[in-house]
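Colleague: Could you take me through how one reads an interface and an enclosed space in a model of this kind?

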Number of protein chains: 2
Amino acid sequence: MTGVGFLGTGIMGGPMATRLAAAGFPVAAWNRSREKAAALEGVTVAPTARAAVARAGVVVCMLSSGEACDAVLLGPDGAVAAMTPGATLIVMSSIPVGTARAQAAACAARDISYVDAPVSGGERGAKEGTLAIMVGGDAAVVAALGPVFAPLGRATHVGPVGSGQLAKLANQLIVASSICAVAEALLLAERGGADPAQVREALMGGFADSTVLRQHGLRMVEGNFVPGGPAKYQIKDTGTALALASSLGLTLPVAEQVDHLFRDLVANGGGDLDHSAALVELRRRNAVPTKINA
Amino acid sequence: MTGVGFLGTGIMGGPMATRLAAAGFPVAAWNRSREKAAALEGVTVAPTARAAVARAGVVVCMLSSGEACDAVLLGPDGAVAAMTPGATLIVMSSIPVGTARAQAAACAARDISYVDAPVSGGERGAKEGTLAIMVGGDAAVVAALGPVFAPLGRATHVGPVGSGQLAKLANQLIVASSICAVAEALLLAERGGADPAQVREALMGGFADSTVLRQHGLRMVEGNFVPGGPAKYQIKDTGTALALASSLGLTLPVAEQVDHLFRDLVANGGGDLDHSAALVELRRRNAVPTKINA
């Protein structure tokens, strides 16, 4: 099987690299703190990013941000310059759409195929190989990557380069908005005299059912705001989505309110609480006390 | 088994009455247009609402609105006055919380137990007995109604009288807000260059997954806005929820934007389109043309 170079073996990248190795791919992994790569079963540790990618047919990049990816991938000393022409780079980090397109252009200049493929499903999805993988790129290139994506989760081709990142933003917007919608609905029910835990229970299975109602809704009714996903990262996502919308001439009225709510939550000291703490901010605005069990 | 009086055998009530009869309850049904009740298998048609309820241990009311329920149930010539003391009235219509509480008080004066139990799941849920039933009332009364709810769907006791209606409002708020969230996210992805149908596909199974993404999202990407649930009814629900929120001193920022969006949709002629046509209004506001296949 084709060799895989893996850049960034953190909370997400670590289990993903392990799963690729378990599926039979020879994996050479590089991580800034080497011990995280060294701990991975079946994976060869590379001393540098360039060494990890040099003989790989496919390179997976799972670093923490667009800046981190650019720093490791680009420039004359970057990993892309060390890749074999004809190989493919898959950036699975969540990065701005424009950053993905610029990376693709840099790759094209060296005859490297580029695919953006951010994921949803968290650490658990990475460990269990059940990630939702949103893939942007040339259809033939994406199709050829099927065996690489298979051990990681369910890959869907959503359009040309950058589209994976657009889908991820759509995902984050829906999650953030749904959290606020559930928070508002449960607060209204509670304030009116119903039991919010039972209301959540009643709504499961109906038209209002969602992963957010089940997971974040449970945190809300339990008052458990240990992250999960900290609210301070949520505002990065909603901010990126709104900036992109603005650049495309789009006004998204619900997303704007959602962004305000999360920004206020962070400004009021809730940045390290889970996303579901949108309810905490909503209570604060409405002067309804919160019992936090966290 | 205890006799059931059934008031209102329309799109929802008809199949519900049939299912109760099939489960072995003697059902006496009344409907304003008698032929709808007469068409139901296993159900006895009553000439008046009072005749339908006179010998029933349990009365189910599934009329179209709070006003319609009040008109049939209350007053010296109403159905409640004809019920046997000790019997139970279940109002399964979606009505204002205050209306439910007033009906409960009128029932208590005649030693009739009262439960509000609105439903979610639509015509299909009514036919298949898979409704989500949100039940408000005294715990002992609700517990005794288990066999009546069982053929209709999954009943959850959510609090005292009125709580069923609060849960239903929570349900409607979450559905309406989720529709707008999905519309905004898909529009952003499309405007950025991704394929919205594939984006929806990619998001299914992840944190953004929901019944709304699956059902209303499909309508959006197909441009199919035949209702389903017409937008003009959506604004009744969001309006009721916001009025209640206001009376409780609550500000719900997302719900307000959602209500505006649906009101604008109706004002711009989309009242008879499906709820998912929130996307049509969002496109209009942003001057993005809509292809409607409906």
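**Cavity and interface**

Modeller: By class, the lining of the largest cavity is made up of 4 nonpolar, 4 polar and 1 charged residues, and I should say at the outset that the model is a predicted one.

Colleague: How does one find such a space, and what is the volume of the largest cavity?

Modeller: Rolling a probe the size of a water molecule over the atoms shows where empty space is left. Here the count comes to 1 cavity of 30 Å³ or more, and the volume of the largest cavity is about 40 Å³.

Colleague: Which residues line the largest cavity?

Modeller: Chain A contributes Ser178(A), Phe207(A), Ala208(A), Asp209(A) and Ser210(A) to the lining, while chain B contributes Ile174(B), Ser178(B), Ser210(B) and Val212(B).

Colleague: How should I read the interface, and what area is buried between chain A and chain B?

Modeller: The size of an interface is often given as the accessible area lost when the parts come together. Between chain A and chain B about 5400 Å² is buried, with carbon and sulfur atoms giving 67% of that area. Ile174(A), Leu188(A) and Phe207(A) supply 15% of what chain A buries against chain B, more than any other three residues.

Colleague: How many salt bridges and how many residue pairs in polar contact are found across the interface?

Modeller: The rule finds 0 salt bridges between chain A and chain B, whereas 22 residue pairs, both members at pLDDT 80 or more, are in polar contact across the interface. On the side of chain A that touches chain B, α9(A) gives the most, with 20 residues, and the residues of that side divide into 38 nonpolar, 20 polar and 8 charged.

Terms used:
Residues numbered from 1 in each chain as written. Chains lettered and ligands numbered in written order. Predicted model: local features only at pLDDT ≥ 70, side-chain atom pairs only at ≥ 80, totals over all residues. Heavy atoms only, no water. 1 Å grid on protein atoms, 1.4 Å probe; cavity = no way out; pocket = protein on both sides within 12 Å on 5 of 7 lines; lining within 4 Å. Points joined across faces, edges and corners; volume = space filled by probe spheres on them. Nonpolar A, V, L, I, M, F, W, Y, C, P; charged D, E, K, R; others polar. Buried area = accessible area lost by both parts, 1.4 Å probe. Salt bridge = Lys/Arg side-chain N within 4 Å of Asp/Glu carboxyl O. Polar contact = N/O pair within 3.5 Å; in protein donor to acceptor, adjacent residues only side chain to side chain. Helix = DSSP H or I, 4+ residues; strand = E, 2+ residues; numbered from the N terminus.
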